[in-house]
Amino acid sequence: MVLIGCHSFTALGPLPAVENNLTSLRDALANPNVWGVPEDKIEVLAQPSNDYDILSTVQRAANSARDTLVVYYAGHGLTDPLTGELYLALTDSRKEDVLVQRALRFEYLRRLFLSSGANKKVLLVDCCYSGRALLGAMGGHDATDAIDNAIVEGTCVITATSETALARAVPGEKFTAFTGVLLDTLSKGLPGAGALLDMETLYGRIRSELKAQSLPLPEMRNRNMAGRICIARNRAPAPALPSSPLERLGRPEPRPPSVDGLRLETSQVRIYSAIRDAVIGSGFLVAADVVCTCAHVVAEALGVPETTETVTGAPLELDFPLLSGRPRVRASVVSWRRGGKDVALLRLDTAVVGSQPAPLVGGTDVWGNTVRVLGFPYHFEAAGGVWVSGALRARTAEDWLQVETSSQAPIIGAGFSGSPAWDEAQGGVVGMIVAAHRHERTVYLVPAADLVDERTLPRWRCPFPGLAAFTEDEAEFFYSREADTDRVHTAVRRQPVTLVVGPSGCGKSSLVRAGVLPRLRADAMSVSELRPKPGVRATDVLARWLIGLLEPELDEIERLAKAEQLARQIETGGQAAAELRGVALALPEGSRQVLFIDQFEEYVDAAPDASRDLFKLLADLSDQDGAAVLRVVATARPDSLDLLVTPSTSHFVGNTVQFLGPLTDDDLKRAITAPVAAVPGLRFEPGLPERIAADAGDEPGRTPLVQFVLAGLWERRTPSMLTHAAYDSLDGVPGALVIHADDVLATLTRSDQECARRLFVQLTRPGDGDTFRPRSVRVSELVPEVMIMAKELSYARLVVLSRAQGGAGQEDVVELAHEALTRLWPRLTRWLVESRDFRLWQETLRADLNRWNAQHRDPDRLLRGADLAEASRRMALDPRDISADERGYILLSQHSRRRVRLKQAAIGALTVLTVLAAALGAVSWIS
């Protein structure tokens, strides 16, 4: 192993990062946890002044290497002014008008590779124009024809840039851009990439990271599977997936699509002739039991003309050549030349163990990406096929993708039709080989987006509920609440009543419906739901439910009659708890019932007294005998606790209440990605989950908003991907929320819209310039009609009701669901601008009020003068949005001012009388 680098030059600019490259790369490769290369096998040439030192060192390493030879260079790259040939700069190198002096000609380095007997050879070149290392000598040859001249057998070459691009050493960064990502990957590993890191995996990681940073992109060429050379252990082996809802119910969780190319090898098939036992072409899995291939391959295999209009149902044989035992299976045609495309879909008679569908990828920014293909030409069939690499070039007028293959590779022809082309950068199948020029390097792909037929593939349900809660039927898509599900499930099993409490939009209903209830059913417990209606007494609500359990055979009229009788018995008996326990114990022996009350706050808001009575009746079921039969689980907002907790129920609230907070950032990201990973062949476009999570921010109502956007993305998905373009069409999380906000407002009456306006105005405060910032509003600050509107809009996910600091003793607050509403919602912007003067005055008033309270209501802190006059004017003009505390402060200031005036008037009058009295006394004395 030879590491070469120059960081200081006599005639060229310095590259201080290169010095760090050498020392850190040496340490990484010598680290037993990375590769563990003995230090005496690593030669470091720092600041070489002549090419002899380098060539002699590399030749010595090439002669002694038997397994793997690695050569690395970092520094300046120079090009010959006349030939364009690549030179590697040394300490005293310089470039003149007609030649390069005192530099290492890359061609000499390439020749030493040819002389090495090592089985595996890796060359890493981190310098400007390093892509020229992939073009050979170029001495008068066309660059395209010369591709791979520099690539010797069993050798993988990765360059930091293309042949025309400058490499980057970002000022202030410790390493150069290319080597920095390489070192980061070696030190941290790559989750999901297996136990070892091969060159193709490293290249894919480096390219994607540099692309994300808009830095020059590397290039790679390899021969004879050299891309699978492993030079490091993966320090981040794929972790076991967290326990999922499916696993808890005894069903395996679907594995997410792999990014390391294994899906290609577990999905590829060979199509056999029905006439003779010979391989006709290839295909690959696009679903668990659906194979995609070319229609002309099927026609040849069946011995029918390619122009045949339909061959649906025709039988074929195929096998999986890269799976253990090469399992062979029969299939039938289920889709033929849909839309005139040379595409056929086959349905397997039975799914094959160990096989997996290949993920389909696409996009416009793919030109230049490396693709690899496995084909089965006649003379390679006994060897199990042959791999060929190429580069995506452009889209043709026929809407095919054009690929140029290596001049050193076998010609793609018969035996390759139907083969999937694996895009190394994207980690999926970008298209299927459909045609090639005879004896030429150009081949054509049908794009992945044109391959699948949704009428044939499984119709996957949307895994995202939007603004609604997850249901029991959607438990397989409910992720990221495993710990909370465990906690609430345990509470329900241990105690008769469990109240799940949390802010609106945090996912209480989803947690119980999709997380807890399926597990309770798996525990052989029967679940029924109760939705109390306003106007119905608590005893009637509970009695009707109990009679339905005890005597399910009754018709509706008989059930109502029996329920009324039981309700009167409970109310007049004086022993409601005993009556309820007696009824509960009358349930069939061995039965275990769970009563679920969702959104209990709706009943609390509409009927406070009745809801309090119902909660008391549920509390009475906490008797040990009743607890053995019946469980109750309910969801509610924190503000409901203040009404539900009474002296008769407070004794058990501490154990009953299970608080639920918003999702963490990591859990939110998993809730975004895991449902899509469970759909075979579907994936996010790279970077999209991170973008969605970033746009969601840390807003209190972000979870349902994210689900809302994801549902929109699902509707706009391509056959293989949820895309950035679809996300842009929704205007992201903030834009989708604005559309929803307008839809909600459109359903309100004019008076309710006015009430909503008053609420939203109070949920913001004016900022600098024309900006507005969200503010949390205490419930006590809102007048009753605005508070009612806040509760209604919380169900629509536009505002969030929560407890300021948790716990039953804290005051509840109202907040905007997302800060973006203040910036992007035109209707709200107009409202805020119109109310700006009032809100500026109100914020000043609140500051005065807070100082008055903080200083123990010092009379000197009451309003006076112009401030009092303005406050009096505002209150007289429109008192609706001035809170009770603010109004009281103004009235007290007015009263205090009147008292001062009266006192001043009295003092003035007394002064006048005193003066008059003195004057009269003086007159009397003179006389």
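Student: Why is E781 called buried in this predicted model?

Tutor: E781 has a relative accessible area of 15%. Buried means under 20%, so E781 is buried.

Student: What makes R778 partly exposed?

Tutor: The relative accessibility of R778 is 35%. Partly exposed lies between the cut-offs of 20% and 50%, so R778 counts as partly exposed.

Student: How do you know that E781 forms a salt bridge with R778?

Tutor: The closest N and O atoms of E781 and R778 are 3.4 Å apart. A salt bridge needs a side-chain nitrogen of Lys or Arg within 4 Å of a carboxyl oxygen of Asp or Glu, so the pair of E781 and R778 is a salt bridge. Through shared partners, E781 and R778 also belong to one network with R765, R775, R839, E843, R846 and E886.

Student: Why is the pair of D289 and R347 called a salt bridge?

Tutor: For D289 and R347 the closest N and O atoms are 3.3 Å apart. The limit is 4 Å, so D289 and R347 form a salt bridge.

Student: What makes this pair a tie between separate parts of the chain?

Tutor: D289 lies in the loop between strand 15 and strand 16, and R347 in strand 19, so the salt bridge ties together parts that are 58 residues apart in sequence.

Student: Are D289 and R347 buried, exposed or partly exposed, and why?

Tutor: D289 has a relative accessible area of 24%, and R347 is at 26%. Buried means under 20% and exposed over 50%, so D289 and R347 are partly exposed.

Conventions: Residues are numbered from 1 along each chain as its sequence is written. This is a predicted model: local features need pLDDT of at least 70, side-chain atom pairs count only at pLDDT 80 or more; totals for chains, interfaces and linings use all residues. Side-chain values use heavy atoms; hydrogens and water are left out. Helices (H or I, at least four residues) and strands (E, at least two) are DSSP runs, numbered from the N terminus. Buried means under 20% relative accessible area, exposed over 50%, partly exposed in between (1.4 Å probe, protein chains only).
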